[in-house]
Amino acid sequence: EPAPPAAMANNAAVMYVDVNGSKRKVVIELDPSVAPKAVGNFKKLVNAGFYNGLAFHRAIQGYLVQAGDPTTKSDDNRNSWGLSDVGYKLPPELRGRHIKGAVAMARQGPLDAANKQSSGSQFYVMLRSDTKLDGRYTVFGRVTQGLEALEAISAMTVDTNDAPTRRYEIRSLRLVPSDSPELRAETSRSRKTKPDHEKGAIGRFIERIW
C-alpha cells in the first residue's frame, strides 16, 4: 500500500546521471521502515553533496550498477575505484528485498560473510530481482523512475574490475519533497529511441556475485 503523503516527505531523491553526454533523471524512493539507519545516513550524505560528481565504478550488464566511492571524483586512480568509502561502516539492516530497482548498501566480503556491516557510502541498484541477496545486504529504497538510464550504463564496456571504461557520472543527487514537480514522470518528448549500443541490456545479462 502506498505511504500517505506526509510519511513520504523528504523520502524521495532525484539523481541526474550522465549517459553519453545526455542528462538522465533517476528517482529513488527511500524506505526508512526497512532500513532507518541506512536511510538517515544516505540523506545526510546527499544533503552534504557527497555524491555529486562521483562516477559509477561498477557495472554488471542487466544485473546492477554501483557508485559511492569518493575516489571516483578523479580518473587518475581508476585501479583503486571501489576500494574506498566515507570512512565508517553501517550496521546491517537486512529486511529489504532485492527486487528489480532495489537500492542497497554495498559491503565487503563474501555473500555469507559473518560481518554484514555496510559501506558508509557505496550503494548499488538492482537491474533485476535476485532473492539470494535477501537477508545479506541492506536494501533501503528503490528506483521508481529512470531505471532504463542505469540499464544503459550497465550495458557499456567495462574493464577487468567491472568499471565502465568511459566515465558515467552522478551529476547531482538531491532530496526533494513528495510534491516536487521533479517526481513527475518524463513526458513522451524525452522518451526517444535508444541508440543501438544501449539496447538489449537485459538480454545480454551476465550474472556475477560478490
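Biologist: Which residue lies over the face of tyrosine 16, and at what distance from the ring centre?
Modeller: The model is predicted. A charge sits over a ring if NZ of Lys or CZ of Arg is within 6 Å of the ring centre and within 35 degrees of the ring normal. Over tyrosine 16 that residue is lysine 23, at 4.8 Å.

Biologist: What pLDDT do side-chain atom pairs need?
Modeller: Residues are numbered from 1 along each chain as its sequence is written, and side-chain values use heavy atoms, without hydrogens and water. Totals for chains, interfaces and linings use all residues, local features need pLDDT of at least 70, and side-chain atom pairs count only at pLDDT 80 or more.

Biologist: How are the rings of phenylalanine 42 and phenylalanine 140 arranged: stacked, edge-to-face or tilted?
Modeller: Rings of Phe, Tyr and Trp (its six-membered ring) pair if their centres lie within 6.5 Å; planes under 30 degrees apart are stacked, over 60 edge-to-face, the rest tilted. Both residues are buried, meaning under 20% relative accessible area (exposed is over 50%, partly exposed in between; 1.4 Å probe, protein chains only). Their centres are 5.0 Å apart and their planes at 50°, so the pair is tilted.

Biologist: Which strand pairs with β9 over 4 bridges?
Modeller: Strands (E, at least two residues) and helices (H or I, at least four) are DSSP runs, numbered from the N terminus. Two strands pair if DSSP finds at least two bridges between them. Strand β6 joins β9 by 3 antiparallel bridges. The antiparallel partner with 4 is β2.

Biologist: Why is strand β9 described as largely enclosed?
Modeller: Phenylalanine 140 lies in β9 and is buried. The strand is largely enclosed by the rest of the structure because its buried residues number 5 of the 7.
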